[in-house]
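Thank you for making time for this. I would like to walk you through a structure that is new to most of us, so please have a look at it before I go on.

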Amino acid sequence: MTSRTMIEAIRDAHDVMMEREPNLVVFGEDVGFFGGVFRCTKGLQKKFGSHRCFDTPISENGIVGAAVGMAAYGLRPCVEIQFSDYMYPAFDQIVSEAARLRYRSAGDFSAPMTIRMPVGGGIYGGQTHSQSPESLFAHVCGLKTVMPSNPYDSKGLLIAAIEDEDPVVFLEPKRLYNGPFDGHHDRPVVPWSSHALSEVPDGYYRVPLGKATVRREGGAVTIVTYGTMVHVALAATQESGIDAEVIDLRSLVPLDEEAIIESVRKTGRCVIVHEATRICGFGAELSAVIQESCFYHLKTPIRRVTGWDTPYPHAFEWQYFPGPGRVADEIRLALED
């Protein structure tokens, strides 16, 4: 196997699928000649031609709208929105057209399309380059919502998303593009080459949508999380010495409820961690699922660690970002209650 960064793994998933699927087209702002703002599509235009990988005008609703039409008539588009913060002009196309096409046509049409977009903070992007809008998509019937935490899953999940017969929103934590990030911004960056999950097989493989995985087994408390926060949760567990079980959801919709319920029933305690704002964040849905299914097993109230309910700040980014210290504090409170 080959060690790859998350960027390289995503690029490889495109490459593999463009070889296998002649109807796959890739487009977005600067994805062709330049290879994308984070270079996830570098080299695809040169290899597959400008009819299959091409640049578009700066028009997010145009990108998604064109993808819906292409998908309905037999192509399989995989489009890039440069930052998730820019997707709002396309939100109506995603919600009102892509997500509903199968339902409104009684199954005569579907929209097999993937919408990729970088999410999250940690790169000093401020309020317009750091948002985590996953709960907006998870709320929409007809969409699948995915967020990987490492190169291996990025490639396998993206291949599964491209092959899906319905629209998939594929969210890429950009703080993880070049290496795992444990929340310690004042320490040297650790490259993916030193991490086991950077070993990415060549060729085709899938990671199924809707299947969570246990990143660390433990018996004292369950931490449910996804994306960048998987690494923060692992750091908090290691640094605090608490025997926590860490579940990486990988897919928010479909949600692997069975994995969550099994773990919480075992430990009796749960801390939910995500980077997005707290109010109506995906943690609220997770809390409801756990409460409904694990009530008689819970020893203490469910706790949440999230971003604050403010726009993502530039000057105080590390006060906003849920670091391992905040996660460890909530774990201790869960154990003390």
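Let me begin with a pair of strands in the middle of what we are looking at, keeping in mind that this is a predicted model. Strand β5, residues 114-119, and strand β7, residues 168-173, pair in the parallel sense, and six bridges link them. Within that pairing, Pro118 has Glu172 of β7 standing opposite.

Helix α7, which covers residues 151-163, packs on the sheet and touches β2, β4, β5, β6, β7 and β12, while its direction makes about 160° with that of β7.

Now to the sheet as a whole. Seven strands form it, it is open, its pairing is mixed, and the order reads β3-β2-β4-β5-β7-β6-β12. The edges are taken by β3, residues 53-55, and β12, residues 251-253, and since each has a single partner strand, one side of each is left without a neighbour in the sheet. On average, and with direction ignored, neighbouring strands of this sheet are turned by 20° against each other.

Let me turn to helix α1, residues 6-20, where we can make a small check on the geometry. With 15 residues at 1.5 Å a residue, this helix should span 21 Å, and because its end C-alpha atoms are indeed 21 Å apart, the expectation and the model agree. Several residues of α1 are buried, among them Ile7, Ile10, Asp12, His14 and Val16.

The next stop is strand β10, residues 221-225, in which five of the five residues are buried. Which residues cover its two faces? On one side we find Val221, Ile223 and Thr225, and on the other Thr222 and Val224, all of them buried.

Strand β10 runs parallel to strand β11, residues 244-248, and five bridges join the two; in β11, Asp248 is the bridge partner of Thr225. Between these two strands the chain passes through helix α8, residues 228-240, and the resulting β-α-β crossover is right-handed. Strand β10 is also joined to β13, residues 270-277, again in parallel, by three bridges, and there the bridge partner of Ile223 is Val271.

A side chain of β10 brings us to helix α9, residues 257-267, which holds Ser263. Is Ser263 buried or exposed? Its relative accessible area is 3%, and because buried means under 20%, Ser263 counts as buried. The side chains of Ser263 and Thr222 are joined by a polar contact of 2.7 Å, and, leaving aside residues up to four places away in sequence, Ser263 touches Thr222, Glu245 and Ile247.

I will finish with some details of the backbone. As background, most residues other than glycine have a negative phi, and most peptide bonds are trans. Here, the peptide bond from Val253 to Pro254 is cis, with omega near 0°, and Pro254 lies in the loop between β12 and α9.

Ala106, although not a glycine, has a positive phi of about 50°; this residue sits in the loop between α5 and β5 and, at 71% relative accessibility, counts as exposed. Arg250, also not a glycine, has a positive phi of about 65° and is placed in the loop between β11 and β12, but at 10% relative accessibility Arg250 counts as buried.

Notes: Residues are numbered from 1 along each chain as its sequence is written. This is a predicted model: local features need pLDDT of at least 70, side-chain atom pairs count only at pLDDT 80 or more; totals for chains, interfaces and linings use all residues. Side-chain values use heavy atoms; hydrogens and water are left out. Helices (H or I, at least four residues) and strands (E, at least two) are DSSP runs, numbered from the N terminus. The expected span of a helix is 1.5 Å times one less than its number of residues. Buried means under 20% relative accessible area, exposed over 50%, partly exposed in between (1.4 Å probe, protein chains only). Two strands pair if DSSP finds at least two bridges between them. Axes are lines fitted to C-alpha atoms, for helices over the stretch in contact, and angles run from 0 to 180 degrees between N-to-C directions. Contact means heavy atoms within 4.5 Å. A crossover is right-handed if, with the strands pointing away from the viewer, the path from the first strand over the helix to the second runs clockwise. A polar contact is a pair of N or O atoms within 3.5 Å; within protein, one must be able to donate a hydrogen and the other to accept it, and residues adjacent in sequence count only if both atoms are side-chain atoms.
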